[in-house]
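User: I'm new to reading protein models. Could you walk me through this one and tell me how each label is earned?

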Amino acid sequence: MNVADLRRAPLMQVNGKLRHTLIAVLLLSMTAIAVSCADEPLPSQTEKRTGSKQQAEAALFHRDPAAAWKQFLSANFAGDQACADCHRKEYEAHQRSGHSHTVTRMPESELSAILVKAGVYQDSRRDQKWAFSTRDGQFLVQDETHPTMPALPVTWLLGSGVHAHTAIAVDEKRGQGVELRWTWLTNQNGLGLTPDHEQFDEYNRNSIECFGRPMQHREVLECLGCHMTVGPPPGAPVRADLFIPNIGCERCHGPRKQHAELAKIGRGHESKPLINYDNAEQYITACAQCHRDENSVSSTAQPNELARFQPYGLKKSKCYLNSEGQLSCAYCHDPHDATSHNRAEYIQQCKSCHQDKVQSTVCPVKPQGDCIDCHMPAVEWTAGIKFHDHWIRKPKE
């Protein structure tokens, strides 16, 4: 891999500024920069040592990308627990949030034991019966109706489980994978068809399509990227030990090991944040890395498909457009905590702007009604799962 390749390739879908920051750090730390100019002064001993270190790191990355990436993670990422000493309130809130458990190794998940106990599951649209088992620390799924097809080891279970859990299998050497056809649907307390898999009813029985939707390397990285703090860069294998699972503190605040180490001696302020949230647009851009906005949704998407892309809806809302950079996701949601279901608090947030005064903008139809039920109703996405699309609008607009 050359420098141009590294610049072009996304670094595991971390939020916008962090992705560019990490790429810059990688380029500085793993790429030797040779500068020869007769008019330049001779390099100092410190510069020579730095150049030698960069050359060694670059050589390590080309020789063993996995080892180089693990070294980079160790040197730059502190982990959530390191934040707890000084930021206890935020840390404990984060542990309650869905972000803190967005991915689990499938063999270690609670769902693994449930499925093995159940034994089999009949596909709702194909003539297939899935058999579940564990062996040698792996969770395996096999098509009982096609016994000559080898059992597939399932790698990751994605999702917090508030709405669903979807499993994927990853071939760690080739970086390819498959999204399994069955998903645990929380509202049904059981397995159902993975959303959008109706389009894969017709399949090649003797290929990976047997198990679900095939995923190329880029798709695997994008899929895992929205459930991880950070993962391996291009050129490194897609191994489980090269990810920092879940959406941790450093997904949104950047690598903070230096800050955590300095904080132990009262000098944490010397390590400035790599990412700042100075206005609503920056907040929403960070959230939209995974929750998506107009830059990453299909122009042909239907309203039910857009329901779970909250930044897309919010940025269409007059409340956002007229807020002069004040209305962000964090205005109504604590970015560290679990999503609140206290409807009265949300309505009070609406009334903090739409006050009942002379020339007020308070709702003339139902001044004491439920603002959300009328102006941001829940929309069914699939299988009875509903989301508030966050497009604040007049009814029937």
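Analyst: Happy to! This is a predicted model, and a good starting point is a pair of residues: F132 stands opposite V141 in β4.

User: What makes β3 and β4 a pair of strands?

Analyst: Two strands pair if there are at least two bridges between them. Strand β3 (residues 129-135) and strand β4 (residues 138-143) are joined by 6 bridges, so they meet that cut-off. They run antiparallel.

User: Which sheet do they belong to, and in what order do its strands lie?

Analyst: They sit in an open sheet of 4 strands, ordered β2-β3-β4-β5, with antiparallel pairing.

User: Why are β2 and β5 called edge strands?

Analyst: β2 (120-122) and β5 (152-154) each have a single partner strand, so one side of each has no neighbour in the sheet. On average, neighbouring strands here are turned by 30° against each other, ignoring direction.

User: What packs on this sheet?

Analyst: Helix α7 (residues 110-118) does, touching β2, β3 and β4. Touching here means heavy atoms within 4.5 Å. The direction of α7 makes about 120° with that of β3.

User: How do you know that β8 and β9 pair too?

Analyst: The same test works: at least two bridges are needed, and strand β8 (residues 176-185) shares 4 with strand β9 (residues 190-193), in the antiparallel sense. For example, W184 has L191 in β9 as its bridge partner. Their hairpin has 4 residues between the strands, and N189 takes a positive phi near 50° there.

User: How much of the protein counts as buried?

Analyst: Of its 397 residues, 41% do; the cut-off is under 20% relative accessible area.

Note on methods. Residues numbered from 1 in each chain as written. Predicted model: local features only at pLDDT ≥ 70, side-chain atom pairs only at ≥ 80, totals over all residues. Heavy atoms only, no water. Helix = DSSP H or I, 4+ residues; strand = E, 2+ residues; numbered from the N terminus. Axes fitted to C-alpha atoms, helices over the stretch in contact; angles between N-to-C directions. Buried < 20%, exposed > 50% of the residue type's maximum accessible area, 1.4 Å probe, protein only.
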